[in-house]
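Hello,

Here is the structure I promised to pass on to you. Have a look at it first, and then read my notes below.

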Amino acid sequence: MLTSPAPLLISVQLAALCRVRHDHRMDPLRHHGDVELRPGLVDLAVNVRTEPHPEWLSAPLLASMSDLAAYPDQTRARAAIAARHGRAPEEVLLTAGAAQAFTLLAQVLTPRRAVVVHPQFTEPEAALAAHGHVVERVVLAPPFTLDPGLVPADADLVVLGNPTNPTSVLHPAPALTALAVPGRTLVVDEAFADTIPGEPESLAATRLPGLVVIRSLTKTWGLAGLRIGYLLADPALIRALTEVQPLWPVSTPALVAAEVCATAHAAEERIAHEIAADRAYLVARLAEIHGVEVVGTPTSSFVLVRTPGALALRERLIARGFVVRRGDTFPGLGPDWLRISVRHTAVTDAFVDVLKNEVH
Ligand SMILES: Cc1ncc(COP(=O)(O)O)c(C=O)c1O
């Protein structure tokens with residue numbers, strides 16, 4: 001059984017300020033799974049789907065290559081994304097991946113008290129710190145359930161993920177909307193929302209003052225190299241973010257991908273159901289291994305595990321041909337944590353066979 005210590009509220013003003021002057025490559029917040037990949041290794045570290053693109057996606061992408069002389073026109077993609085979420089185009093900002101949205105927010109917002117709920121994707125905090133903002137952390141303890149009461153009442157910027165990377169935990173929508181109080185910007189990173197059938201807790205279609213929802217199209221659609229995501233918010237904030245966004249921020253092929261993916265509901269649902277089945281299989285196989293514990297209730301395309309000596313175990317797994325994501329660079333975790341991507345059952349079987357032998 002896990003112990004569940006009271007969640008911690010940790011103030012990291014000094015560390016955040018220091019990071020502004022640090023080399024990004026030395027900053028654990030700027031460590032991402034892609035740098036853990038090496039040729040020849042089976043990738044269980046990056047949560048991007050690696051299946052070949054379906055014809056309905058690859059054909060328009062290839063066709064867009066003959067249209068590269070023209071500057072990109074966002075009209076159709078923006079309308080398609082807006083329609084997908086029952087929004088107006090004026091409520092949509094297309095971005096070069098969800099990652100760009102964090103940088104734009106950090107440029108435009110002027111929070112007096114910014115809070116990031118961890119463990120979560122580290123880029124929001126890194127972007128805020130890089131733009132000189134003081135960041136406080138609310139660190140959730142296992143099993144990473146969100147208690148809105150942990151967030152300081154006077155925080156005027158709150159950032160969290162749903163479902164959250166790396167915990168794979170999905171917070172209920174009411175716990176999130178409870179955080180949308182007057183005078184506060186609430187940023188919900190839904191980069192992995194489309195990995196969950198029906199997206200039950202998504203706030204993408206919800207209009208609340210100060211609510212910002214960030215989405216990615218790079219995960220489910222295997223488009224990390226194309227860089228395409230978007231942000232949903234009220235038109236005034238969208239206009240302010242557009243002011244600081246680089247000119248022509250999203251390429252024509254990325255806009256084409258956004259347009260066609262926005263209407264691919266059936267394929268999206270099918271993939272989400274496949275992920276759910278493959279994840280259930282992975283969780284069941286991991287349960288066979290003494291000393292490896294899946295923590296929290298995973299809901300997305302990855303699971304978080306605790307196992308003593310995870311960092312050394314990870315090195316042994318690499319020697320055996322499998323790379324998983326280190327957990328220690330996520331605030332609130334440490335050297336005993338690993339994040340494992342959900343893959344097809346055959347890959348999971350091969351991985352679990354190796355893992356069984358390498359866990360001491
Ligand atoms: C939770 C989360 N949000 C956002 C991103 C950024 O995604 P994108 O590739 O769309 O920039 C990532 C990438 O790993 C992520 O894990």
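**Notes on the model**

Ser 168 sits in the loop between β6 and α6 (173-177). Please keep in mind that this is a predicted model. I begin with this serine for its backbone: Ser 168 is not a glycine, yet its phi is positive, at about 70°. Most residues other than glycine have a negative phi, and most peptide bonds are trans.

That brings me to the peptide bonds. Which residues are joined by a cis peptide bond with an omega of about -5°? They are His 118 and Pro 119. Pro 119 belongs to the loop that runs between β4 (114-118) and α5. Another cis peptide bond links Pro 142 to Pro 143, and there omega is about 10°. To find Pro 143, go to the loop between β5 (135-139) and β6.

Now zoom out to the whole chain. It is divided into domain 1, made of 27-50 + 266-358, and domain 2, which covers 55-264. Try colouring the two ranges of domain 1 alike, and you will see how the assignment places them together. Taken over C-alpha atoms, the centres of the two domains are 24 Å apart. In the contact between them, domain 1 takes part with 33 residues and domain 2 with 39 residues.

How much area is buried between domain 1 and domain 2? The value is about 2,800 Å², and carbon and sulfur atoms give 62% of it. On the domain 1 side, Leu 29, Glu 268 and Pro 331 supply 22% of the area buried against domain 2, more than any other three residues. Glu 268 is worth a second look, as its side chain also meets that of Arg 84 in a salt bridge, with 2.8 Å from N to O. Between the two domains, the count is two salt bridges.

Next comes the empty space. Rolling a probe the size of a water molecule over the atoms shows where empty space is left. The largest pocket holds about 590 Å³ of space. It is lined by 29 residues, and those closest to its centre are His 32, Phe 121, Thr 218, Lys 219 and Arg 227. Both domains take part here: domain 1 and domain 2 each give at least three residues to the pocket lining. Among the elements, α4 has the largest share of this lining, with three residues. Sorted by class, the pocket lining has 11 nonpolar, 10 polar and eight charged residues.

There are cavities to explore as well. The structure has four of 30 Å³ or more, and the largest cavity contains about 60 Å³ of space. Which elements give two or more residues to the lining of that cavity? They are α4 (98-108), α5 (123-130) and β6 (157-161). Once again you will meet α4, which gives the most to this lining, with three residues.

If you want to select the residues around the largest cavity, pick Phe 102, Leu 105, Ala 106, Leu 109, Pro 124, Leu 128, Leu 157, Val 159 and Val 187. By class, this lining has nine nonpolar residues, with no polar and no charged ones. Set that beside the lining of the largest pocket, where polar and charged residues do appear.

Enjoy exploring, and write back with any questions.

Best wishes

Note on methods
Residues are numbered from 1 along each chain as its sequence is written. This is a predicted model: local features need pLDDT of at least 70, side-chain atom pairs count only at pLDDT 80 or more; totals for chains, interfaces and linings use all residues. Side-chain values use heavy atoms; hydrogens and water are left out. On a 1 Å grid over the protein atoms alone, a cavity is a set of points where a 1.4 Å probe fits but cannot get out, and a pocket is an open set with protein on both sides within 12 Å along at least five of seven lines; lining residues have an atom within 4 Å of a point. Grid points are joined across faces, edges and corners, and a volume is the space filled by probe spheres set on the points. Helices (H or I, at least four residues) and strands (E, at least two) are DSSP runs, numbered from the N terminus. Ala, Val, Leu, Ile, Met, Phe, Trp, Tyr, Cys and Pro count as nonpolar, Asp, Glu, Lys and Arg as charged, and the others, Gly among them, as polar. Domain bounds come from an automatic or database domain assignment. Contact means heavy atoms within 4.5 Å. Buried area is the accessible area (1.4 Å probe) that two parts lose on being put together, summed over both. A salt bridge is a side-chain nitrogen of Lys or Arg within 4 Å of a carboxyl oxygen of Asp or Glu.
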